Each structure stands twice: as C-alpha cells, then as structure tokens.
Amino acid sequence: MYLIGALFVVVALLVVAQIVNIQFVEGDAYRAKAEQRVFRNDTIPSIRGNLYDTNGQLLATSISKYDIRFDALAPSKSDFSDNVSLLAEALGKKFNQSKSYYLQKLRKAHSNKNRYMLIAKNLNYSDYKEIREFPLFEKGPYRGGLIVEQRIVREHPLGKMAERIVGYDRNGSAPVGLEGAFAHYLRGSDGVRLEQKIGKNQWKPIISENEIDPNDGYDVYTTIDVNMQDVAHHALLEQLEYFEADHGTAVVMEVATGEIKALSNLGRGESGKYFEKRNYAVWESHEPGSTFKLMSVIAALEDKVVDTSTVFDTKGGKVSYYGRNVRDSKYGGYGKITVARAFEVSSNTALVQMIHDNYKSNPDDYVDRLYSMNLNEKLNLPIKGEGRPIIPHPDDKQWSGLSLPWMSYGYGVSLTPLQTLTFYNAVANNGIMVKPRLIREVKSKERLIEKFDREIINPAICSQNTIDKVKVMMENVVKRGTADNLYSENFSMAGKTGTCQVDYWKSSGNYIASFAGYFPADQPKYSCVVVVHRPNIKKGYYGNIVAGPVFKTIAQKIYANNPLIDKVEIENSVPTQIVKSNNNYLKKTHAQTESGSKKIPNLIGMEAMDAIAIVENLGAKVVLRGSGKVTAQSLKAGTEISSTHKVTLTLL
C-alpha cells in the first residue's frame, strides 16, 4: 500500500509539473494555437475586370457560381420529417430526377449523420436564389442545414470561338492570350479580413483595424471586333474542313491604326474536329514561300537594280544553282517577261534571277535592305510566345551559295503570319509600318485609366514611288495573275498568293498555302493574311485555291458591313505625276475604244507598263530595250498595226 501510495504521489507531482510547464513555460505557444483555431485571416478575393471587344461586347467576364450542400444534423427531427418529402419533390423537379431519388439520398445522409452532402454544383445566381427558398432550406443554415459555397469563375460568352486569342490567366500555368497579356490590369488585388469561428465550420467576420478591402480589376477594351471575328472564324473553318488541312490561321488588321480586328487559329484534334488549338498567327514561324516575293521585289526596286519593266527569260521554266533546280509552276515557263508580270504570275525563275544576278557579288546589300524594313525583328507583342523571324545574313556560318536564290522566293527565311501581315499592311499604309495593336483603353467603370494609340515601327519601309508600283502589281495579281479566280468587278482586292512546300528536302508532298493582301485596293481599309498548313493535295494546295477564297469571303463580308463612303480627293492621296500618267493612259485607251482604231498612238513619255498594255490590246507584240519611260517607238504614231507587227520600245 505504501508503494501504491508513493506511485500516486509521483503521478500527482508529474501532473502538477506538466500544468506548470503548459501554463508558464509553453503557455504563449499554446495560447497562439488556440487563437489560430478561433480566429483566422481570410482572403477577400477581388473581382477580375471584364474583357470587351472594340464595340463593348463581352469577351470575358467574372461571375459567381454556387455549390449547394446539406448538413443533415442541423435540422431538428421534427423539421426534417415534416419537410424532407417536400424538399425531395422540389429538388427532383429542378434537376430532372425522381422524388424517390432525392428522398432516399436525404434520409441516408440523415441516418449517417452526413454534414456535407452535395446537392448541386456550378449553379448560377438565379438557380441559387430558387433553391434557397425550397422547403427546409428556407430555414437557413442552422435550422435547415443549407450550406452555400460561392466562388468566382471566368466565363467566355463567345465559347470556343476566339478561345485562344481571349486566352486565360491561371495560377501555376503560363498566361495565354489577351487574358494573360493584360492580366496586370484585369486582376485587381485581394483584400484581407479577420474572422472568428462560431462552430460547425462556420466563420463570421469581425471588425478589425487591419482589414484590407479588395480592389477589383480594371476593364480592358480590346481592338477585336466580334462580328469580324465571327466572319474570319467560319470562313477559315469551312476551308479547313473541306481541304482536310492540319491547321490554319486568319488575321484581319486595320491598315491605318494596326488594330487587330479578328484573329482566328484553328487546329485539327484527334477526333478530326477543329478548335482553337494554338495561337499560330503569333507563335508559328515558318517559310512563307511566294508571299515573300513582295519583299524581294521592293528590295530590288528600292535599290534600283531593276524596274517593273525589266525583262527576264524564264528559260523554259527551270534555272539551276549549284545543282539545285528552281522551277515555275507553269510547265515550260513564261518565256521572256517583265518583273511586273513575273510578280503577277509568281514566276520563281524570273524573280530568283532578279535577286541572284543583281546581288550575287554583294549579297549584303540585299539582306541589309530586308533588315532596313524590320523583317529580322520581332514585333514585341504583349501576347507571350511570339515566333522569331529568321533572315539569314552572309556573315552567318550557315550561309551558302544557295542562300541568296532560295531567300528571293521565300525559302530559307522564316516569318510568323502576323509578321508577314505587318509588312503587307505597311504597303497598304503607304510605307508606314505600324505595330499590331490588341488593346484600345483601360477603364474603371466609366473612368479612363489608360489609353493606347498606334505605335509606328518604321515611318517608311521604302520610297513612295516603290510603294505605288507594287500596289499596282498586287492589284494585278487579283485581276490577271495567280489570284484571278478571286477577282470581282464589284469589289477590289490586292495581294499575293503563296504556295510553299514543307520539308522539300524530304520530298514530303506537303504544302503551306497562303494569301496576304488588303482591301479595298484603291482605298485600303483592312489588311488580311490567311495561312493553311498541309491541305489534302488531292483536293488542292495552291494559295489561290486554298487560302485565297478565305481572304475573299472575309473581305467581302467585312466590306458589306463597313462600306467606304468618305470621298477622298485624289490629289491628296496619289502623287500628281502618277495621276497625270494614269489620265494620259486612260485618254489614249478611251480614244481607241471609241473609234475602233488599230492605229498606234504616241507612246513617248508613258510608263512602260501602260505602253505595253496599249500595244498588246492592239494585238501587236512588244520588245523592250532599257527600263523606265518610253523615249522612242519603232512604229510612228498613227501607223495601222496588226498581230503580225512587233513594236520595239526604247526606255530610259
């Protein structure tokens, strides 16, 4: 008994020692833990700002979603038994289930003492309001057992259309599209408040000096036009489906401002359906093929190594460099043709000779000219993941004898569709290269926070004289060149087709079809690029067949909704010299048409292209000597001519 008594004394002493230790030695730590269990700092989430299109239509918005759960121990036995049948009936009607399904579920939760039974998820506010008025739930959380969990989710009213360009900004993943690019405006900042636990996992806010209110995000107004986006999306989708292509993109830009009005990216999934898979327009850098011929022609014209009337022999449709052949799409070639005509029919052999023959001794001049037009620089867009342009330089280790001729018609170089479009847009904009823009302004409700204006990359990519010449050539591509299938008397377009073979060193048989240009041709309002990768070659693969019709559909539908009604005085937009030349040409051709005459007029002083057109319309053949304007003609003015005549024009 003494031993047992001593044991009790020891145990009592240990208990007292532990009480002293808890109270005085570790007391502060335990009091802090108790405080944490009773109080907590809770985050008050900010509401993300809305994303709008240029007309104020929603592209993305934040809305509340509600999850409804049931605490089966909260109601009294009488409240539960009186209302469970009515609640089951109401839930069954709401969610298209039988009354017995919910009656069994609710009774099981009550018998199992389930305090967190799921009723429904992702309800909108109207559904939540309706359910909280159901029998039993109307008694609230303590008597009715209603548990409501609210969260903020991001909704995209356009659905799958423009999904990639609208994008997302999720924690733990790379930001994508407009949501990611302008997240610093949209996010806002979360608040903090102190809460006290009141039991049953219920917390109530308490007044605290340290409470921080949330700041909601700003609203961002983009340049995207939902109507144009719809047109581009469906025009591209229809073509991709018909040609069973791997993927494609279509971009529409406003010429003067650089505002992106539509940007559609569609890729084929495993099921064969197309969806916004990647932002190909911004990300995918690839060989452009013949759309790069515009850059080559501008470089040659600007360096004055050729004129539009300079003639090249297509040599039966094939020329060779270091054992590698360059061929024309037309078997047998085009004979001897001018630079202007070579561009219209997209003659590889003529345009490759144009660059190789004039720059082979000093290829730096050609590449430096391309660099001066910013073709080697990224656009530095706010959207992440822009592809890097590749324009080889003679100082590069990879440079070879094939580099120069291959570059001249779009191989061995690499551009994204948006980089290509930016250059074509500069031509439409009379040489002013503007940066593509995706945002117009940022607002907090109606208060303007920040406004964004156009940004000029290069005030003049080349001279106005060169711009005027290539504009005519691009218009003729549609009128009488590779894209004549797109021509319409009621609507003018200008552009260039592109057909580029993919993995040509492997003879893969795959192609990239493209078309880049602007509309209307006489008063450019919008520029557009369409690129389609790996169409089914059995159905077609040329740029005018695969990509061109998408461009035409987009242009015509946009123009129908946005007709140009402003009158522009010609002297304010076109140099006087060109106006006089054009009037002179029209005067001579009109006189011939009216009289039905076959007499050759006086061609002295006319541009070579105009003189050629007049002579060929009379049925005669033309031989050119030199370049520039007509200084002499082999047949005197007034001479009757026929198809047997050959007229020699001396140019200077």
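# Around Gly-431 and two helix pairs

Gly-431 touches Ala-426, Asn-458, Pro-459, Ala-460, Ile-461 and Ile-467, leaving aside residues up to four places away in sequence. Welcome to a short tour of this predicted model, which starts at that glycine and then moves on to some helices. The protein has 652 residues, of which 48% count as buried, and it contains 23 helices and 25 strands. Among contacts between residues at least 6 apart in sequence, 69% join residues at least 24 apart.

**Gly-431 and its surroundings**

- Gly-431 sits in the loop between α17 (417-428) and β16 (433-434).
- With a relative accessibility of 0%, Gly-431 counts as buried, because the cut-off for that class is under 20%.
- One of its contacts is Ile-467; the two residues are 36 apart along the chain, yet their C-alpha atoms are separated by 6.6 Å.

**Helix α18**

- Ile-467 is also among the buried residues of α18, a helix that covers residues 464-480.
- The other buried residues of α18 are Thr-466, Asp-468, Val-470, Lys-471, Met-473, Met-474, Asn-476, Val-477 and Val-478.
- At 1.5 Å a residue, the 17 residues of α18 should span 24 Å, and the C-alpha atoms at its ends are indeed 24 Å apart, so the two values agree.

**Helices α3 and α4**

- Helix α3 (residues 77-94) packs on helix α4 (residues 99-111) at an angle of about 140°, with their axes 7 Å apart.
- These two helices are therefore oblique to each other, and α3 passes α4 in a right-handed crossing.
- On the α3 side, the contact involves Phe-80, Val-84, Ser-85, Leu-87, Ala-88, Glu-89, Leu-91 and Gly-92.
- On the α4 side, Lys-99, Tyr-102, Leu-103, Leu-106, Arg-107 and His-110 take part.
- By class, this contact of α3 with α4 has eight nonpolar, three polar and three charged residues.

**Helices α12 and α14**

- Helix α12 (residues 293-302) and helix α14 (residues 348-359) pack at an angle of about 40°, and their axes are 11 Å apart.
- That makes α12 and α14 oblique to each other, while α12 passes α14 in a left-handed crossing.
- From α12, the contact is made by Lys-293, Ser-296, Val-297, Ala-299 and Ala-300.
- From α14, Asn-348, Leu-351, Met-354, Ile-355 and Tyr-359 contribute.
- The residues of this contact of α12 with α14 divide into seven nonpolar, two polar and one charged.

Definitions and conventions:
Residues numbered from 1 in each chain as written. Predicted model: local features only at pLDDT ≥ 70, side-chain atom pairs only at ≥ 80, totals over all residues. Heavy atoms only, no water. Axes fitted to C-alpha atoms, helices over the stretch in contact; angles between N-to-C directions. Helix = DSSP H or I, 4+ residues; strand = E, 2+ residues; numbered from the N terminus. Parallel < 35°, antiparallel > 145°, perpendicular 65-115°, else oblique. Left-handed = near helix turned anticlockwise from the far one by under 90°. Contact = heavy atoms within 4.5 Å. Nonpolar A, V, L, I, M, F, W, Y, C, P; charged D, E, K, R; others polar. Expected span 1.5 Å × (residues − 1). Buried < 20%, exposed > 50% of the residue type's maximum accessible area, 1.4 Å probe, protein only.
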